[in-house]
Structures are given as C-alpha cells and as structure tokens.
Amino acid sequence: MDMVVRVYEYTVESSGWNAFDITSVVEEIVKETGLEKGLVHVFTPESKCIVLFIEYEPNLLSDLEDFMNKYMCSPSVLEGLLGKSVTAPFIKGSLEIGVFKRIVFIDLSRSSGEKRVVITIEGIHV
C-alpha cells in the first residue's frame with residue numbers, strides 16, 4: 001500500500017468576527033480523494049483566525065464568545081489558547097470526529113475578506 005499526501009486550499013469569505021462550520025467542506029474533500037483511511041489536518045495560516053472542534057450550536061458559540069469577551073484576550077493570545085488547527089482520522093472516507101463535533105473556522109478579526117484554510121490529507125487506498 002502506498003501512502004498518499006494531498007494538500008488543498010479552501011477560502012472562507014468572512015465579514016470578520018464570525019464562525020463558520022467547514023465540516024462538510026472537509027468531508028467532501030476527503031471523499032473526493034478516494035482514500036480509504038488516514039488523517040486530515042485542517043489549518044489556517046491567517047492572522048487572528050482559529051480552527052477548532054466544537055459543537056456548532058448557538059448557545060455553545062455564544063458561550064465561547066462570552067469567554068473571549070470576558071478575558072479580553074488579544075486575537076494572538078486566543079490563537080495560542082484555542083489553536084489554529086485540528087487533526088482527525090477518517091475511515092472509509094468518513095471523518096471520525098464524533099456525533100456532535102464539527103470543524104469550525106473562527107475569524108477573530110474585525111475585517112472582511114477572504115481567509116485561507118489549508119487542508120492536508122494523508123492516507124491509503126485499501
């Protein structure tokens with residue numbers, strides 16, 4: 001079996017200070033590779049942006065926003081605390097992240113524009 005590594009770039013159009021569920025985008029890219037199993041790594045190189053696992057649910061997102069506002073951390077500190085990437089396994093082309101967890105891109109900036117996400121997939125054909 002040969003190991004395959006593929007790198008993709010995805011662009012989020014953001015108005016700033018917003019959250020985006022990108023799980024379906026990542027799942028689609030994984031399926032398009034035709035790989036049976038492996039790992040997917042989702043990262044943003046953008047300043048003032050993070051990628052994390054969270055339940056994409058209004059109350060939970062509101063709690064996260066309250067946390068960020070309460071501690072008045074700079075976006076750079078929040079990047080360090082919350083992270084700029086996640087890694088998840090996939091089996092038979094499906095992400096193994098649990099029932100309620102989602103891959104969420106959060107733009108902590110106050111500026112609109114295109115924000116990049118880099119998706120790296122490493123896996124094998126069976």
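Which helices each supply at least two residues of the nonpolar patch? They are α2 (58-71) and α3 (75-82), helices being DSSP runs of H or I with at least four residues, and strands runs of E with at least two, numbered from the N terminus. The model is predicted: local features need pLDDT of at least 70, side-chain atom pairs count only at pLDDT 80 or more, and totals for chains, interfaces and linings use all residues. Residues are numbered from 1 along each chain as its sequence is written, and side-chain values use heavy atoms, without hydrogens and water.

Select Phe67, Tyr71, Val77 and Leu81, which together present about 390 Å² of accessible area as a surface patch.

Next, select phenylalanine 20 and phenylalanine 105, the one aromatic pair in the structure (ring centres of Phe, Tyr or the six-membered ring of Trp within 6.5 Å; planes under 30 degrees apart are stacked, over 60 edge-to-face, the rest tilted). This pair is tilted, with 6.3 Å between centres and 45° between planes. Phenylalanine 20 belongs to strand β2 (residues 18-21) and phenylalanine 105 to strand β7 (residues 101-107), 85 residues apart.

Then turn to the salt bridges (a side-chain nitrogen of Lys or Arg within 4 Å of a carboxyl oxygen of Asp or Glu), of which the whole structure has six. Select arginine 116 and glutamate 9, whose side chains meet at 2.9 Å, N to O. Arginine 116 is in strand β8 (residues 113-124) and glutamate 9 in strand β1 (residues 3-14), so this bridge ties together parts 107 residues apart in sequence. Adding Glu46 to the selection completes one network with Glu9 and Arg116, joined by salt bridges that share partners.

Finally, select aspartate 107 and lysine 115, a salt bridge with closest N and O atoms 2.7 Å apart.

How values were computed:
Patch = residues over 30% accessible without salt bridge, like charges linked within 9 Å, V, L, I, M, F, W, Y side chains within 5 Å. Areas by Shrake-Rupley, 256 points an atom, 1.4 Å probe, with all protein chains shown as cover.
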